[in-house]
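The following exercises concern a single protein chain. Please examine the sequence and the structure before turning to the worked solutions.

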Amino acid sequence: SLVAVVFCTVLLSGCGEKSLKCTKDISTSGITMQQAVDMNFNGNKITTMSTTISIEFNESQKAYVETMMSTLESTYKKQYGISKSVEVKTEKKSDLKYDITISIDYKNMSEADKKTLGMAGSENYDVNKKDLENSGYTCK
């Protein structure tokens, strides 16, 4: 999953308090998605991170939207739900537009959860930015 790639490439980083905001647009099979990754750093460690996936379906998919969104949400909850430091939230914007937000309180996440989720490790801010840009994200 694209979100897994993002979270696997974003581990530890930073120097002082700063943030990294990256976006990526994807269109496939009549579905338009924008992924927005927001990471906050304090000192040498990431403190929080979130990914919001804004999904817009086309009219021909209207009958299947609820089922697709339910499947996506349950997939993310199954993948990240093992940790009390992760929250997955779905918001219906309209009949064809939804947001899924995955928020991670990295600083309070257990080391075991970090390892299980493939998020343990140490990388700096610049490496995280470069990895995301290499994955097609535009970062500010």
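**Exercise 1: The disulfide**

The link of C22 and C139 is right-handed, with 110° about the S-S bond. Determine which parts of this predicted model the pair ties together.

Solution. Begin with the sulfur atoms: those of C22 and C139 are 2.1 Å apart, and the cut-off for a disulfide is 2.5 Å, so the pair qualifies. The count for the model comes to one disulfide. Next, place the cysteines: C22 belongs to strand β1 (residues 18–28) and C139 to strand β6 (residues 138–139), so the link joins parts that are 117 residues apart in sequence. Finally, consider accessibility: C22 and C139 are both buried.

**Exercise 2: The setting of Q61**

Establish whether Q61 counts as buried or exposed, and identify the residues with which Q61 is in contact.

Solution. Locate the residue first: Q61 sits in the loop between β3 (45–56) and α2 (65–80). Its relative accessibility is 12%, and buried means under 20%; Q61 therefore counts as buried. Then list the contacts, leaving aside neighbours within four places in sequence: they are S29, G30, I31 and M68. For S29, the backbone oxygen lies 2.8 Å from a polar atom of the Q61 side chain.

**Exercise 3: The chain as a whole**

State the order of the secondary-structure elements from the N terminus on.

Solution. Count the elements: the protein chain has four helices and six strands. Reading from the N terminus then gives α-β-β-β-α-β-β-α-α-β. Of the 140 residues in the protein chain, 39% are buried.

Technical notes
Residues numbered from 1 in each chain as written. Predicted model: local features only at pLDDT ≥ 70, side-chain atom pairs only at ≥ 80, totals over all residues. Heavy atoms only, no water. Helix = DSSP H or I, 4+ residues; strand = E, 2+ residues; numbered from the N terminus. Buried < 20%, exposed > 50% of the residue type's maximum accessible area, 1.4 Å probe, protein only. Polar contact = N/O pair within 3.5 Å; in protein donor to acceptor, adjacent residues only side chain to side chain. Contact = heavy atoms within 4.5 Å.
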